[in-house]
Structure formats: structure tokens, C-alpha cells
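Thanks for coming. I will take one protein structure and go through it piece by piece, so please keep the view open while I talk.

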Amino acid sequence: VGTVSTPTDGSVTANKIGSGAITNAKIADNASISGSKLGTGAILQVKYFQLTTPQTETYGTTNTDKAVTNFNINITPKSTSSIIKLESNIMFEWANDPWDTIWFFYRDTTKLGATSSGSRRAGISPSLSSHGKVDPPNSDSTPEFATLTYFDAPSSTSQITYKLGVNSSGTNNLFINRTVGDSNNVGYERGVSFISATEIGG
């Protein structure tokens with residue numbers, strides 16, 4: 001009684017710590033907690049790229065998979081059991097035949113999407129086509145868009161680069177965040193596009 005004893009370094013084991021004794025107040029704000037401690041379904045991190053300005057791409061080779069410039073993000077998973085939820089929404093207008101295009105993701109150089117079957121083009125989502133070929137024609141002022149979601153299981157804790165990809169049946173020009181025509185009036189819209197990767201604890 002009346003004597004204070006200080007435990008030697010490393011002498012307090014996990015069994016000596018009472019259940020529920022480690023509270024929020026005892027965890028440092030900058031503590032690096034393992035993803036496995038956050039539980040299945042926990043959001044571990046989010047990476048994204050968002051484009052708010054117009055961008056033009058040239059698609060020069062028919063039926064060829066192509067990564068869209070700038071639409072890539074790097075993420076280093078915290079656990080090999082994590083699921084990466086990929087999402088993208090892109091507002092654009094093709095110069096030619098938007099209904100003959102399909103969108104997908106790359107994990108580094110691996111294409112993610114439907115399995116190829118014969119001569120069919122495979123991916124995740126087609127372009128939502130405008131009515132650009134009807135009468136009266138408005139193929140330079142009515143935009144298209146594509147919305148993609150894909151769940152990837154990379155089984156890795158190394159850095160991964162995810163990219164947005166597209167395949168067109170013909171040579172084409174892709175006008176992102178704008179219409180083909182870009183006159184300064186209400187008939188020519190502009191928008192915002194993005195790609196994101198969310199790591200979910202597995």
C-alpha cells in the first residue's frame with residue numbers, strides 16, 4: 001500500500017488488458033490501423049480522378065481497345081482480401097456512330113469486363129446513344145454518356161493503376177465533357193466526368 005510500481009517495458013501482455021479498455025479516446029487520430037481490423041465491408045480508402053474541362057481524343061484504329069487519356073488512378077490495397085469497386089461516369093459526344101462503342105476498365109494492362117466470345121466486342125457498358133441520326137439531325141449537339149461499375153478482386157497489396165478504356169467499331173473522335181459542336185449557346189452542353197476506386201474490406 002502506498003507503493004507505485006512501474007511495469008518494465010514490454011511486460012504488459014494482451015491478456016492483461018481488460019476487454020473494452022481500448023476506447024476511441026485511447027487511439028491516436030493518426031494511428032495506422034490494419035484494414036483487417038475494420039471488418040468486412042468497411043471502406044478502407046477512396047481514390048478518384050475528376051475532369052471538369054473539355055478534352056478531345058482521337059480514335060484512329062477500328063475495333064481496338066484504347067485507354068482514355070487522363071482517366072487513370074493509382075491505388076495500393078491494404079489487404080489481399082479487399083474488393084475494389086470501380087466506378088466511372090463520362091459525359092461526351094462521339095463524332096460517329098456512338099451506338100457501336102463499348103466501355104470497360106483496365107487493371108494495369110488487364111482488361112476488366114465481359115469475357116470475349118468470338119468476334120463480339122466485350123466490355124462493361126455501351127454508350128447511351130443520342131438521337132443524332134434522326135431528322136432533323138443534331139449529331140453535333142446532343143451528348144451521350146456511359147456509366148460503369150465493376151467489382152475487382154486483385155488479391156494484391158502492390159500499387160495498381162486502373163484506367164478507363166473504350167472500343168469503337170470505326171475511326172472516331174471523342175469529345176469529352178462537351179458536344180462535337182461547341183458554339184456558345186444553350187444548344188451545346190458541357191459536363192463533368194470521373195473515375196474512382198473504392199477499397200472495401202473483404
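Let me start with one residue: where does Ser82 lie? Ser82 is in the loop between β3 and β4. Before I go further, note that this is a predicted model. Ser82 counts as buried because its relative accessible area is 2%, and the limit for buried is under 20%. Leaving out residues up to four places away in sequence, Ser82 touches Leu44, Asp152, Ala153, Pro154, Glu199, Ile200, Gly201 and Gly202. For a sense of distance, take Lys26, which is 56 residues from Ser82 along the chain. The C-alpha atoms of Ser82 and Lys26 are separated by 27 Å.

A word on confidence. The protein has a mean pLDDT of 88, and 92% of its residues reach 70 or more. Confidence is lowest in strand β7, residues 125-126, where the mean is 90. It is highest in strand β11, residues 193-200, with 98.

Next, the nonpolar core. Which residues touch the most other members of the largest nonpolar core? They are Trp103, Tyr162 and Leu164, in a core of 24 residues. Several strands supply at least two residues each: β3 (66-75), β4 (83-94), β5, β8, β9 (160-168), β10 (172-176) and β11. Strand β4 gives the most, with five residues.

That brings me to the aromatic rings. How many aromatic pairs are there? The count comes to six. Take Phe92 and Trp94: their ring centres are 6.2 Å apart and their planes stand at 75°, so this pair is edge-to-face, the cut-off being over 60 degrees. Both Phe92 and Trp94 are buried. Phe92 also pairs with Trp103, and here the arrangement is tilted, with 5.2 Å from centre to centre and 50° between the planes. This second pair links distant parts of the chain, since Phe92 is in strand β4 and Trp103 in strand β5, eleven residues apart. Phe92 has a relative accessible area of 0%, so it is buried. Trp103 is also at 0% relative accessibility and counts as buried. Ring pairs join Tyr59, Phe92, Trp94 and Trp103 into a cluster.

Two other rings have a charge over them. Lys111 lies over the face of Phe104, 4.4 Å from the ring centre. Over the ring of Tyr106 sits the charged end of Lys163, at 5.4 Å from the centre.

Now the salt bridges. Side chains of opposite charge can pair when their charged atoms come close. The structure holds five salt bridges, and I will go through some of them.

One joins the side chains of Asp152 and Arg107, at 2.7 Å from N to O. What does this pair link? It links distant parts of the chain: Asp152 is in strand β8, residues 144-152, and Arg107 is in strand β5, residues 101-107, with the two positions 45 residues apart. Is Asp152 buried or exposed? Asp152 counts as buried, because its relative accessibility is 4%. Arg107, at 21%, is partly exposed. You have met Asp152 already, as one of the residues that Ser82 touches.

Another salt bridge is between Lys66 and Glu57, at 3.8 Å from N to O. Lys66 is partly exposed, with 26% relative accessibility, whereas Glu57 is buried, at 7%.

Glu87 and Lys85 form a salt bridge as well, with their closest N and O atoms 3.8 Å apart. Glu87 is partly exposed, with a relative accessible area of 25%. Lys85 is partly exposed too, at 25%.

My last residue is another serine. In which strand does Ser168 lie? Ser168 lies in strand β9. At a relative accessible area of 1%, Ser168 is buried. Not counting residues up to four places away in sequence, its contacts are Tyr59, Thr62, Asn63, Thr64, Trp94, Asp100, Thr101 and Arg121. Tyr59 and Trp94 are familiar from the ring cluster.

To recap, I began with Ser82 in the loop between β3 and β4, and ended with Ser168 in strand β9. In between came a nonpolar core of 24 residues, six aromatic pairs and five salt bridges. That is all I have.

Key
Residues numbered from 1 in each chain as written. Predicted model: local features only at pLDDT ≥ 70, side-chain atom pairs only at ≥ 80, totals over all residues. Heavy atoms only, no water. pLDDT = per-residue confidence, 0-100. Helix = DSSP H or I, 4+ residues; strand = E, 2+ residues; numbered from the N terminus. Salt bridge = Lys/Arg side-chain N within 4 Å of Asp/Glu carboxyl O. Buried < 20%, exposed > 50% of the residue type's maximum accessible area, 1.4 Å probe, protein only. Core = buried A, V, L, I, M, F, W, Y, C linked by side-chain atoms within 4.5 Å. Contact = heavy atoms within 4.5 Å. Phe/Tyr/Trp six-rings, centres within 6.5 Å; stacked < 30°, edge-to-face > 60°. Lys NZ or Arg CZ within 6 Å of the ring centre and 35° of its normal.
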